[in-house]
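Open the structure in your viewer and keep the selection tool at hand. The stops below say what to select next and what is there.

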Amino acid sequence: MELKKSPSSLQKYGLCKSLTSLTKKAGVLITEDIQVIGLGQACLDYLGRLSVYPEEDGKYELVDLHIQCGGPASTSLVTLSRMGIRTSFLGSISDDSRGIEIVKGLNNEKVDSTFLKITPGYTSQFAFIAITESGNRTIFWHRGSVPHLKPSDVNLSPFSNAKILHLDSLMIEAAQEAAQQANNMGLTIVMDAGTMREGSQELISMVDVLIASERFTEPLVGDIAPPEKALEVLHALGPKEVIITLGSKGSIGLSGKKINFQKAFPIDAVDTTGAGDVYHGAYIYGLLQGWDMQKCMHFASAASAIKCRHIGARKGIPHLEEIKKFMSGK
């Protein structure tokens, strides 16, 4: 795929990447150093802090307002990049002001965006996030008018040395195509399952590692079923490993017949925005190291906890040494 650019916007801001990390082989661009490919969402987040969440038809002044980039798959890739892993993001944005900030954010975090589809003349995804003093957040988001990736937009052949494909589940048909290609290439497929959508169960059957939110499981098992039951139901759909994140209660996973539980690290949370996305990225880091599920969960929980000390999905994402110090209690 060619990178689609608008000379009036992206070139103006100096965001058209040189292809210095690419070599050309048999007419195909080969991204030789990419270890993790991510396909899914990237957006611009407007984060407002409140002393108390307003009632309907109320009016409250924000304590402050922050603007950062976010999005599930892209934030997981930023997490990996800060840990020294080379990543590439596949998604769909436009050349509007939000799209410009999204590309700048990826470039600043050294996430490759060579194959990010940029379609001029539309609007890119954004979110307004209300954060209370407890650190809990409520997200209002809009997917923008830019067309989603289509299966025909997906081509993983340039990533000859990639090890893992990471998917969020908004663009189901494109994700299914990517999963099929990844399977043919022998990649491990990881899925972030945040919201149950049409086609989600079919996609689950194609992945190796499923990391689901507690909310994702409710349509399958109800809202009072124990997480162990949800693990069994999700595992029966096909993944080799299933993890369910439980917020402040930690996370629980099933690998083979063994159930693993990881408590959440105790912290004074400032903002939980992006905590799950950071967990996913850190868990993938563990997979690349060959760690077992329990060690991956422990590491991912630590990374997620550190992030929650800061406003926004990305500002607080830790580097590797910070996680190691945190885990050692230093």
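**First stop: a helix on a sheet**

Select helix α2 (residues 97–108), which lies across β4 (43–49), β5 and β9 and runs at about 95° to β4. Helices (H or I, at least four residues) and strands (E, at least two) are DSSP runs, numbered from the N terminus. Axes are lines fitted to C-alpha atoms, for helices over the stretch in contact (heavy atoms within 4.5 Å), and angles run from 0 to 180 degrees between N-to-C directions.

This is a predicted model, in which local features need pLDDT of at least 70 and side-chain atom pairs count only at pLDDT 80 or more, while totals for chains, interfaces and linings use all residues. Residues are numbered from 1 along each chain as its sequence is written, and side-chain values use heavy atoms, with hydrogens and water left out.

Stay on α2: its 12 residues should span 16 Å at 1.5 Å a residue (the expected span is 1.5 Å times one less than the number of residues), and its end C-alpha atoms are 16 Å apart, which agrees. Buried residues in α2 include R98, I102 and L106; buried means under 20% relative accessible area, exposed over 50%, partly exposed in between (1.4 Å probe, protein chains only). After α2 comes K110, with a positive phi near 60°.

**The sheet of 4 strands**

Now show the strands under α2. They belong to an open sheet of 4 strands in the order β5-β4-β9-β10, with mixed pairing; two strands pair if DSSP finds at least two bridges between them. β5 (64–70) and β10 (137–142) stand at the edges with a single partner strand each, so one side of each has no neighbour in the sheet. On average, neighbouring strands of this sheet are turned by 20° against each other, direction ignored. Select β9 (residues 126–131) with β10: they pair antiparallel over 6 bridges, and I131 stands opposite R137 in β10.

**The sheet of 8 strands**

Move to the open sheet in which 8 strands follow the order β6-β3-β11-β12-β13-β14-β15-β16, again with mixed pairing. At its edges are β6 (87–90) and β16 (258–262), each with a single partner strand, so one side of each is left without a neighbour in the sheet. The twist averages 15° from one strand to the next. Strand β3 (residues 36–39) runs parallel to β11 (residues 164–168), joined by 4 bridges.

Which strand should be picked next? Take β14: 5 of its 5 residues are buried, so β14 is largely enclosed by the rest of the structure. E241, I243 and T245 lie on one side, V242 and I244 on the other. β14 pairs with β13 in the parallel sense over 5 bridges, and V242 is the bridge partner of L210. With β15, β14 runs antiparallel over 5 bridges. These two form a hairpin with 5 residues between them, and G247 in the turn has a positive phi of about 65°. Helix α6 (residues 227–236) lies across β13, β14, β15 and β16, at about 140° to β14.

**Last stop: the cores**

Select M83, F89 and Y283, which have the most contacts inside the largest nonpolar core, a set of 41 residues. Such a core consists of buried Ala, Val, Leu, Ile, Met, Phe, Trp, Tyr and Cys residues joined through side-chain atoms within 4.5 Å. Helix α8 (293–307) gives the most to this core, with 9 residues. A second, separate core of 37 residues includes L210, F216, L234 and L254.
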